[in-house]
Amino acid sequence: MKTIVYFDSGCPVCAAGAAHWQSRDWARRTAWVDLMEQPEALADEGVSFAAAMETLHVRDRHGRLVAGGDAFLLLWDQLPGWRWISRSVRAAGLERLFDRAYRWHSRGRFEKRCSSGTCPVPGAGSAS
């Protein structure tokens, strides 16, 4: 089973980030699920569409779902040439700080986009 990354193609920054990380996956260890195309992808996990859009979610090869900074660390674990980042963060014991920084950065992202009138409709594909 591949590591699965759930992303928001309706967010220009998220879509660009997804394209960037996909291009770095030379070993093809990840699969990518666009939440705009599959808005119910995480519903069975008890993750609402709004919560899924608020923060990055990644499912590891064993089926464990993680979110936030931990999701980025898990993604980087899968990318040749980028594992050193996740290993460095963990070795320094900075997982909680990294997660807090990520969540602060992404806080309200989806709601802000919707309040500006650029909130795409789930299932309609990429807005960009």
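Modeller: A good place to begin in this predicted model is a single pair of side chains, those of D34 and S9, which are joined by a polar contact of 2.7 Å.

Biologist: Where does D34 sit, and is D34 buried or exposed?

Modeller: D34 has its place in strand β2, and because its relative accessibility is 14%, below the 20% limit, D34 counts as buried. Leaving aside residues up to four places away in sequence, D34 touches F7, D8 and S9.

Biologist: F7 brings us to strand β1, so to speak; how many of the residues of strand β1 are buried?

Modeller: Five of the five residues in β1, which spans residues 3-7, are buried, so the strand is largely enclosed by the rest of the structure. The general idea to keep in mind is that side chains in a regular strand alternate between the two faces of the sheet. In this case both faces of β1 are covered, with T3, V5 and F7 buried on one side and I4 and Y6 buried on the other.

Biologist: With which sense does β1 pair with β2, and over how many bridges?

Modeller: The pairing of β1 with β2, residues 30-34, is parallel and runs over five bridges, and within it T3 stands opposite T30. The connection between these strands can be read as well, since β1, helix α1 (residues 12-23) and β2 make a β-α-β unit that is right-handed.

Biologist: And in what sense does β1 pair with strand β3?

Modeller: Here the sense is antiparallel, with three bridges between β1 and β3, the latter covering residues 57-59. The bridge partner of I4 in β3 is R59.

Biologist: Which side chain meets that of R59 in a salt bridge?

Modeller: The side chain of R59 meets that of E45, with a distance of 2.9 Å from N to O. To read such a pair, one asks where each partner lies: E45 is in the loop between β2 and α2 (49-54) while R59 is in strand β3, so the salt bridge ties together parts that are 14 residues apart in sequence. The partners can also be read by accessibility, for R59 counts as buried at 10%, whereas E45 is partly exposed, with a relative accessible area of 42%.

Biologist: How many salt bridges does the structure hold?

Modeller: The structure holds four, and one of them is formed by D77 and R90, whose closest N and O atoms are 2.9 Å apart. D77 belongs to helix α3 (residues 69-78) and R90 to helix α4 (residues 83-91), so this pair ties together parts 13 residues apart in sequence. R90 is partly exposed, its relative accessible area being 33%.

Biologist: Where do D99 and R103 lie?

Modeller: Both lie in helix α5, residues 95-106, and they are four residues apart, which is about one turn of the helix. D99 and R103 form a salt bridge in which the closest N and O atoms are 3.0 Å apart; D99 counts as buried at 17% relative accessibility, while R103 is partly exposed at 36%.

Biologist: Turning to the whole chain, in what order do the elements run from the N terminus?

Modeller: The order is β-α-β-α-β-β-α-α-α-α, which comes to six helices and four strands. Of the 128 residues, 42% count as buried, and the accessible surface is about 7100 Å², with 57% of it belonging to carbon and sulfur atoms. Among contacts between residues at least 6 apart in sequence, 66% join residues at least 24 apart.

Definitions and conventions: Residues numbered from 1 in each chain as written. Predicted model: local features only at pLDDT ≥ 70, side-chain atom pairs only at ≥ 80, totals over all residues. Heavy atoms only, no water. Buried < 20%, exposed > 50% of the residue type's maximum accessible area, 1.4 Å probe, protein only. Helix = DSSP H or I, 4+ residues; strand = E, 2+ residues; numbered from the N terminus. Pairing = 2+ DSSP bridges. Right-handed = clockwise from strand over helix to strand, strands pointing away. Polar contact = N/O pair within 3.5 Å; in protein donor to acceptor, adjacent residues only side chain to side chain. Contact = heavy atoms within 4.5 Å. Areas by Shrake-Rupley, 256 points an atom, 1.4 Å probe, with all protein chains shown as cover.
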